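Biologist: Could you take me closely through a single part of this model, the pocket, and say what surrounds it?

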Amino acid sequence: MNDITLLLVDDHPVVRDGLRGIFAAAPGFTVLGESSSGVEAVDMTFRLDPDVVLMDLRMPGGNGVDAIAELTRRGARSRVLVLTTFDTDTDTLPAIEAGATGYLLKDAPRDELLAAVRAAADGRAVLSPAVASRLLSAVRGPAVPADGTLSGREREVLSLVARGTSNREIAAKLFISEATVKTHLTHIYGKLGVKDRAAAVAAGYDRGILGSP
């Protein structure tokens, strides 16, 4: 199996060095390059074609959100995983709306970071529980059912989604078809008043369905 390739984007050399060390010590990862600004990151992404771009948000010379939006607009293959110290609504929502696959905080444990990069490389949504509840109010639909009660199977599906599990993997774990998984997700979205996986996970944490963030 080929290594997951990465581009590290952060304006602090010490942070980039630390991240490079983490991935160098873990099997299955290759860092292709580093960038200190959003504008440079866009150019490097198309030149190096990494599987995952680990993107900081606030940088001189072009911020992360603008870079994510540009990569999305130009149809970059690379998935963008935000890794930042900022968890305010003004940071999280624009990054997700711009096209980021996930959002983690820099205090995330090493194993959580590695798992998040693997999930992002597979195209799975990654949302830190610490960020999920903050993101909820902005991303969920206006009409939320009074109870939003999920069935036992729907709770199982949502729990697996929260772990970054793909539809195919959920189907295999629960011994159901992918079509059935998609049906469960449609029902979950409707009951929780949300439109996508990230928002469903956020709602799950907010309502205690998935435990406390």
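**The largest pocket and its lining**

Modeller: Domain 1 (4-138) and domain 2 (152-207) each give at least three residues to the lining of the largest pocket, the domain bounds coming from an automatic or database assignment. The model is predicted, with local features needing pLDDT of at least 70 and side-chain atom pairs pLDDT 80 or more, while totals for chains, interfaces and linings use all residues. Residues are numbered from 1 along each chain as its sequence is written, and side-chain values use heavy atoms, without hydrogens or water.

The pocket (an open set of points on a 1 Å grid where a 1.4 Å probe fits, with protein on both sides within 12 Å along at least five of seven lines) has a volume of about 330 Å³, the space filled by probe spheres set on its points, joined across faces, edges and corners. Of its 23 lining residues, Ala125, Val126, Leu127, Ala162 and Gly164 are the closest to the centre, lining meaning an atom within 4 Å of a point. Two or more lining residues come from each of α5 (110-121), β6 (126-127), α7 (152-162) and α10 (197-206), where helices (H or I, at least four residues) and strands (E, at least two) are DSSP runs. By character, the lining divides into 15 nonpolar, 4 polar and 4 charged residues, with Gly counted as polar.

Strand β6, which contributes to that lining, also belongs to an open, parallel sheet of 6 strands in the order β2-β1-β3-β4-β5-β6, pairing requiring at least two DSSP bridges. There β6 is an edge strand, as is β2 (29-35), each pairing on one side only. Within this sheet, β4 (79-84) and β5 (102-105) pair over 4 bridges, and Leu83 stands opposite Leu104 in β5.
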